[in-house]
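Reader: I'd like to learn how to read a model like this one. Could you walk me through it, feature by feature?

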Amino acid sequence: MRTMRTMRVSEQHVKPLKDGINMRFDSGDSTDAMGDHRSIDLGVPVDASGDDDLAALVLSLRSSLELWNPASAFGLPKSHHG
Amino acid sequence: MGESIPPVKYGIGDVQGGGDDEGTDSPMAAARRIENSQSQLGAFINVCNEETIASEVMPFKPESSTLAGWSIAVKDNIDVGGMPTTAGTLIWRSHVADRDAEAVRAVRNAGAFIVGKTNMDELGWGGLTDNPHYGRTNNPWDLSTFVGGSSGGSAAAVASRVCRAALGTDTGGSVRLPASFTGIVGYRPSWGGVSAEGVRALAPSMDVVGALATSVQDVDLIRDAIRRRPLTSKGVLSPNKERANEREYVIGFDPSFLDFATNDVARVTEQAITSAANAGCIVQEVRVKEFSTYLEPWMILHMAEPAELYSAMLQESPHLLSADVKGRLRAGQAFTSGDLRRAMLYRSWFSARFFELLGEVDALLTPTVPFGAVPHGTRHIQIGQEEHDIFALLPRFTGLASISGAPAISLPAGLSTVGLPIGIQLIGKLNRDQRLLDVAHRIEGILGWSIQPRIVFGDRRSWNDR
């Protein structure tokens with residue numbers, strides 16, 4: 001997760017700045033950190049109240065979380081054999 | 001307000017005299033402001049009765065008390081002794097608290113007086129303060145727009161200068177969201193930093209008692225009154241506190257956050273970053289990669305905890321709950337223990353990485369909400385080419401602090417193209433609330449926000465001159 005770096009001026013998200021300000025901009029690649037993000041829409045209304053909608057919401061949230069691998073996230077070895 | 005239950009006006013009808021036009025605030029004047037505001041804002045569920053007002057007038061603290069003479073509203077899921085704590089439900093409509101919550105007791109001890117209990121989403125679950133039982137709270141900037149929630153009544157009361165400050169609760173953003181929509185400051189303490197005794201829980205692993213006011217200074221003074229005391233205490237901000245010997249603040253910012261914001265919000269956020277940099281703050285780019293994945297486990301926790309907490313209520317009194325809340329409780333019950341275990345593991349993993357990221361910055365700056373206040377009834381928001389469910393967007397940024405337990409604060413930062421306020425959020429490190437408020441004070445000074453809504457019922461300047 002640690003990708004700390006200083007920000008570049010002229011990135012599309014930063015307005016042009018005056019020279020000489022105390023802002024430590026320098027180089028940095030232009031990686032799109034959000035390039036792999038999923039849609040924030042869950043496919044069903046979050047304020048759903050119908051049983052079908054609610055079931056779909058639960059399934060949607062569950063399946064999203066199942067994409068995350070806790071064993072891998074916490075760095076457990078893949079091998080389970082001594 | 002439709003067929004909603006009107007606030008019980010416990011003896012405030014004949015309130016006369018006193019008030020801000022005389023240069024001081026008083027319980028009677030505050031009661032009059034509530035009376036004047038209620039038909040337009042619908043910010044209160046109940047207001048203090050005659051006995052309460054009488055008892056409030058008597059024990060005013062000396063001027064040295066940090067909150068002496070402050071009028072403070074309290075969200076109606078926080079106990080005020082002698083008044084109902086409805087939590088926005090019908091079930092607890094007449095459930096009178098026998099004593100103050102600890103946070104309420106703390107602000108009273110610091111010299112404040114309580115003016116009433118504010119409207120909220122049912123059980124604090126929602127982001128609109130459009131309560132099916134007690135009515136809708138309107139935004140004083142534009143009555144046709146929503147105020148956000150769930151501490152919407154508290155935010156509307158403060159923004160319209162009905163009272164000096166308010167207490168709210170924040171689970172997924174319930175203090176910060178309405179603060180952003182109403183152009184005021186909303187502070188969420190570190191989880192556990194303020195006692196939750198006397199507060200109706202929603203999702204206890206994320207619930208906190210927070211403060212809403214019109215300045216960081218005011219919020220900081222409230223924080224000093226309500227926070228749990230460490231072994232050594234640190235003083236609160238003073239308006240002209242000298243920081244010359246301190247290094248300049250480092251503000252973290254992830255530009256990709258703006259992909260999730262309307263053009264108005266992106267513009268205001270960019271301006272805030274630029275202003276901070278121009279004023280000498282060091283802005284460092286950070287990448288919160290988990291930003292794309294954290295919302296789903298947060299939502300599972302946010303649904304499963306209330307479902308467990310209120311399962312008996314759902315079983316025994318479903319007819320007293322709104323269809324929305326019943327639906328959410330049922331959905332929350334549908335999650336398995338395996339879902340919960342996985343969500344809790346995710347939270348641990350996310351929090352560790354999030355705080356590692358924050359280790360190099362004093363505060364992470366984000367928009368508070370991806371969009372500005374919108375008309376009542378709006379359910380979808382256009383961002384770029386896509387239309388999004390409003391309830392999925394509301395916690396997009398505030399949830400970062402909620403799931404990690406971090407302190408966070410929303411500051412007013414600019415106006416939308418239609419003249420409605422837009423807030424930015426600063427997220428600090430766990431239990432480093434004072435540092436966060438120091439940064440917020442600095443950013444507030446840089447931004448120089450001094451705009452108030454068109455509809456106000458009091459004069460903040462006179463309160464300052466008490």
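Reader: Let's start with a helix pair. Are H6(B) and H14(B) roughly parallel or antiparallel to each other?

Author: The general idea is to look at the crossing angle of the axes, where anything over 145 degrees counts as roughly antiparallel. Keep in mind that this is a predicted model. Here, the axes of helix H6 (residues 216-226) and helix H14 (residues 433-447), both of chain B, cross at roughly 165 degrees and come within 9 Å. H6(B) and H14(B) are therefore roughly antiparallel.

Reader: Which residues make the contact?

Author: From H6(B) come B:Val216, B:Gln217, B:Asp220 and B:Arg223, and from H14(B) come B:Asp433, B:Leu437, B:Ala440, B:His441 and B:Glu444. Sort them by class and you get 4 charged, 3 nonpolar and 2 polar residues. As for handedness, the crossing of H6(B) and H14(B) is left-handed.

Reader: How do I read the pair H8(B) and H11(B), then? At what angle do their axes cross?

Author: Same recipe. Helix H8 (residues 295-309) and helix H11 (residues 337-358) of chain B have axes that cross at roughly 125 degrees, coming within 9 Å. That angle makes H8(B) oblique to H11(B). The crossing of H8(B) and H11(B) is left-handed.

Reader: And what classes of residue sit in the contact of H8(B) with H11(B)?

Author: It has 7 nonpolar and 2 charged residues, with no polar ones. On the H8(B) side you'll find B:Pro297, B:Ile300, B:Leu301 and B:Ala304; H11(B) brings B:Asp339, B:Leu340, B:Ala343, B:Tyr346 and B:Arg347.

Reader: Next, burial. How many of the residues of helix H4 of chain B are buried?

Author: The trick is to count neighbours: 20 or more other C-beta atoms within 10 Å makes a residue buried. In H4 (residues 152-159) of chain B, 8 of the 8 residues are buried, so the helix is largely enclosed by the rest of the structure. Among them are B:Gly152, B:Gly153 and B:Ser154. Just after H4(B) comes B:Arg161, with a positive phi, near 60 degrees.

Reader: Give me one residue to check. Why does B:Val158 count as buried?

Author: B:Val158 lies in helix H4 of chain B. It counts as buried because it has 34 C-beta neighbours inside 10 Å. Leaving out residues up to four places away in sequence, B:Val158 touches B:Cys163, B:Ala165, B:Ala166, B:Ile184, B:Leu212, B:Ala213 and B:Thr214. You can also check a distance: the C-alpha atoms of B:Val158 and B:Gly183 are 9.7 Å apart, with their positions 25 residues apart along the chain.

Reader: Zooming out, how many helices and strands does chain B have?

Author: Chain B has 15 helices and 17 strands, and 59% of its 466 residues count as buried. For contacts in chain B between residues at least 6 apart in sequence, 74% join residues at least 24 apart.

Reader: And chain A? In what order do its elements run?

Author: From the N terminus, chain A goes β-α-α, that is, 2 helices and 1 strand. Of its 82 residues, 15% count as buried.

Reader: Last one: where does pLDDT stay under 50 in chain B?

Author: Where pLDDT is low, don't read the predicted coordinates in detail. In chain B, pLDDT stays under 50 over residues 9-23 and over residues 237-245. Chain B averages a pLDDT of 89, and 87% of its residues score at least 70. For the complex, the predictor gives an ipTM of 0.78 and a pTM of 0.86.

Technical notes:
Residues numbered from 1 in each chain as written. Chains lettered and ligands numbered in written order. Predicted model: local features only at pLDDT ≥ 70, side-chain atom pairs only at ≥ 80, totals over all residues. Axes fitted to C-alpha atoms, helices over the stretch in contact; angles between N-to-C directions. Helix = DSSP H or I, 4+ residues; strand = E, 2+ residues; numbered from the N terminus. Parallel < 35°, antiparallel > 145°, perpendicular 65-115°, else oblique. Left-handed = near helix turned anticlockwise from the far one by under 90°. Contact = placed C-beta atoms within 7 Å. Nonpolar A, V, L, I, M, F, W, Y, C, P; charged D, E, K, R; others polar. pLDDT = per-residue confidence, 0-100. Buried ≥ 20, exposed ≤ 12 C-beta atoms within 10 Å, placed from the backbone.
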